[in-house]
Structures are given as structure tokens and as C-alpha cells.
Amino acid sequence: GFVQFRNPVPGVVVLIEKEGAVLLGRRRGGFGAGKWGLPQGYIEFGEDFLTAAIREVKEETGLDVEIRSILNVVSNLLSPTLHTLAIVLLAGVVAGEPCAGDDLETLEWVPLSGPLPEMAFEADERIIERCQKLKLEEGLPVDPDFSRWSSL
């Protein structure tokens with residue numbers, strides 16, 4: 001009488017843009033250790049996706065950011081046991097200095113036009129390549145009221 005569902009784990013990926021460059025971090029451990037990626041992480045239970053994105057960026061980079069828009073939603077089949085569904089957001093820096101934290105060992109601003117270092121996740125590489133072809137202002141606007149939803 002018991003059914004166990006295997007659902008994707010929800011997450012956020014944040015493309016932080018500054019003067020034509022994107023902030024990448026070299027991963028310390030886990031999937032893609034030693035390779036580069038965009039700041040990202042899981043959405044915690046009871047947390048909205050905008051708050052999760054701002055929190056993850058702060059933990060990984062030390063930066064305070066403003067979410068500008070939704071760029072995409074991507075599925076990542078990382079292993080036979082890990083499938084994620086990530087909301088990709090565009091953000092700009094509002095305060096702070098980059099300082100690698102959490103699961104990153106170093107940070108670097110890389111020109112959006114490339115070339116890119118060896119990336120940890122194919123999805124991150126495709127996100128950046130797509131943004132190279134678009135105006136970064138394009139995307140779905142973010143409704144900040146979604147970050148203020150009441151408790152259940």
C-alpha cells in the first residue's frame with residue numbers, strides 16, 4: 001500500500017553578470033570537482049526560489065545580488081540517483097566583494113563571450129552559450145511578491 005515517488009530535486013542556478021562578464025566558481029568537491037560552474041544550489045523545504053537563489057549566491061560568493069529575470073528552466077540528469085530541475089536566474093551585484101565560500105575554492109569573472117574554462121555541468125555551459133546569443137535584459141521578469149508567500 002506504499003508508493004514511493006522519485007521526483008527531481010528543485011534547485012536554482014544564478015548567472016551573475018557584471019560589465020559583460022559572468023562569475024564562475026571552481027568546485028571544491030562533489031559533482032564536477034575541480035571544474036567550473038555558475039553559483040547554484042538546492043531550494044530548501046519551505047523556501048521560495050528567489051530567496052534560495054539569493055542565499056546560495058551569498059553562501060558561495062559572499063555577494064549580495066538582485067535577481068533581474070528568469071532565463072530558463074533546465075533538467076540535469078547528473079547520475080542514476082540524482083535528477084535536478086533548476087530555475088536559471090539572471091542577477092546583478094548590489095553589494096560585497098567576491099569571496100569563494102561553501103563548496104567553491106575560487107571565483108573568477110569570465111567574459112560572457114568566452115572562452116569558458118572546463119565546466120562542471122553541461123547545462124551551465126549551454127546557459128552561458130545561450131546568453132551569448134541573447135541580450136541579457138531578455139527573460140521573464142521576476143515578481144518579488146513570490147518571495148513573500150505566507151506559511152502554509
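In which strand does E17 lie? In this predicted model, E17 lies in strand β1. The residue is buried, because its relative accessible area is 16% and the cut-off for burial is under 20%. Its side chain makes two polar contacts of note. One runs to the backbone: a polar atom of the E17 side chain lies 2.8 Å from the backbone nitrogen of G20. The other runs between side chains, where E17 and R68 are joined by a polar contact of 3.3 Å. E17 also has a bridge partner, V22, in β2.

The strands β1 and β2 are considered next. They run antiparallel and are joined by two bridges. They form a hairpin with two residues between the strands. In that hairpin, E19 takes a positive phi near 50 degrees.

Strand β2 spans residues 21-27 and is mostly covered. Six of its seven residues are buried. Besides its pairing with β1, β2 pairs with strand β7, residues 104-111, in the antiparallel sense. Seven bridges link β2 and β7. Strand β3, residues 36-37, also runs antiparallel to β2, and two bridges join them. R26 takes part in both of these pairings. It stands opposite T106 in β7, and it stands opposite W36 in β3.

Strand β1 pairs with β6 as well. Here the two strands run parallel, and eight bridges join them. Within this pairing, G11 stands opposite A86 in β6. Strand β6 in turn pairs with β5 in the antiparallel sense, over 13 bridges. The strands β5 and β6 form a hairpin with two residues between them. V65 stands opposite V93 in β6.

Helix α1 was examined through V57, which has its place in this helix. V57 is buried, because its relative accessible area is 0%, against a cut-off of under 20%. Leaving aside neighbours within four places in sequence, V57 is in contact with V14, I16, P39, G62, L63 and V65. V65 is thus both a contact of V57 and the residue opposite V93 in β6. V57 and V13 are 44 residues apart in sequence, while their C-alpha atoms are 9.1 Å apart in space.

Q40 has its place in strand β4. Q40 is buried, because its relative accessible area of 15% is under 20%. A polar atom of its side chain lies 2.7 Å from the backbone oxygen of L38. The side chain of Q40 also makes a polar contact of 2.9 Å with the side chain of D124. Not counting residues up to four places away in sequence, Q40 touches V12, V13, E56, E60, F121 and D124. D124 is therefore a residue that Q40 touches and also a polar partner of its side chain, since the two side chains make a polar contact within the 3.5 Å cut-off.

Open and enclosed spaces were then surveyed. The largest pocket has a volume of about 300 Å³. It is lined by 19 residues. Of these, R27, Q40, G41, Y42 and F121 lie nearest its centre. Several elements each supply at least two residues of the lining: β1 (9-18), β4 (40-42), α1 (49-61), β5 (64-79), β6 (82-95) and α2 (122-133). By class, the lining has nine nonpolar, five polar and five charged residues.

A search of the whole structure finds one cavity of 30 Å³ or more. About 30 Å³ of space lies in this largest cavity. Its lining consists of G25, R27, G37, L38, P39, Q40, E60, L104 and F121. These residues divide into four nonpolar, three polar and two charged.

Several residues recur across these results. Q40 lines the largest cavity and lies among the residues nearest the centre of the largest pocket. R27 and F121 likewise appear in the cavity lining and in the group nearest the pocket centre. E60 and F121, both touched by Q40, belong to the cavity lining. L38, whose backbone oxygen lies 2.7 Å from a polar atom of the Q40 side chain, is another residue of that lining. P39, a contact of V57, is also found there.

Note on methods
Residues are numbered from 1 along each chain as its sequence is written. This is a predicted model: local features need pLDDT of at least 70, side-chain atom pairs count only at pLDDT 80 or more; totals for chains, interfaces and linings use all residues. Side-chain values use heavy atoms; hydrogens and water are left out. On a 1 Å grid over the protein atoms alone, a cavity is a set of points where a 1.4 Å probe fits but cannot get out, and a pocket is an open set with protein on both sides within 12 Å along at least five of seven lines; lining residues have an atom within 4 Å of a point. Grid points are joined across faces, edges and corners, and a volume is the space filled by probe spheres set on the points. Ala, Val, Leu, Ile, Met, Phe, Trp, Tyr, Cys and Pro count as nonpolar, Asp, Glu, Lys and Arg as charged, and the others, Gly among them, as polar. Helices (H or I, at least four residues) and strands (E, at least two) are DSSP runs, numbered from the N terminus. Buried means under 20% relative accessible area, exposed over 50%, partly exposed in between (1.4 Å probe, protein chains only). A polar contact is a pair of N or O atoms within 3.5 Å; within protein, one must be able to donate a hydrogen and the other to accept it, and residues adjacent in sequence count only if both atoms are side-chain atoms. Contact means heavy atoms within 4.5 Å. Two strands pair if DSSP finds at least two bridges between them.
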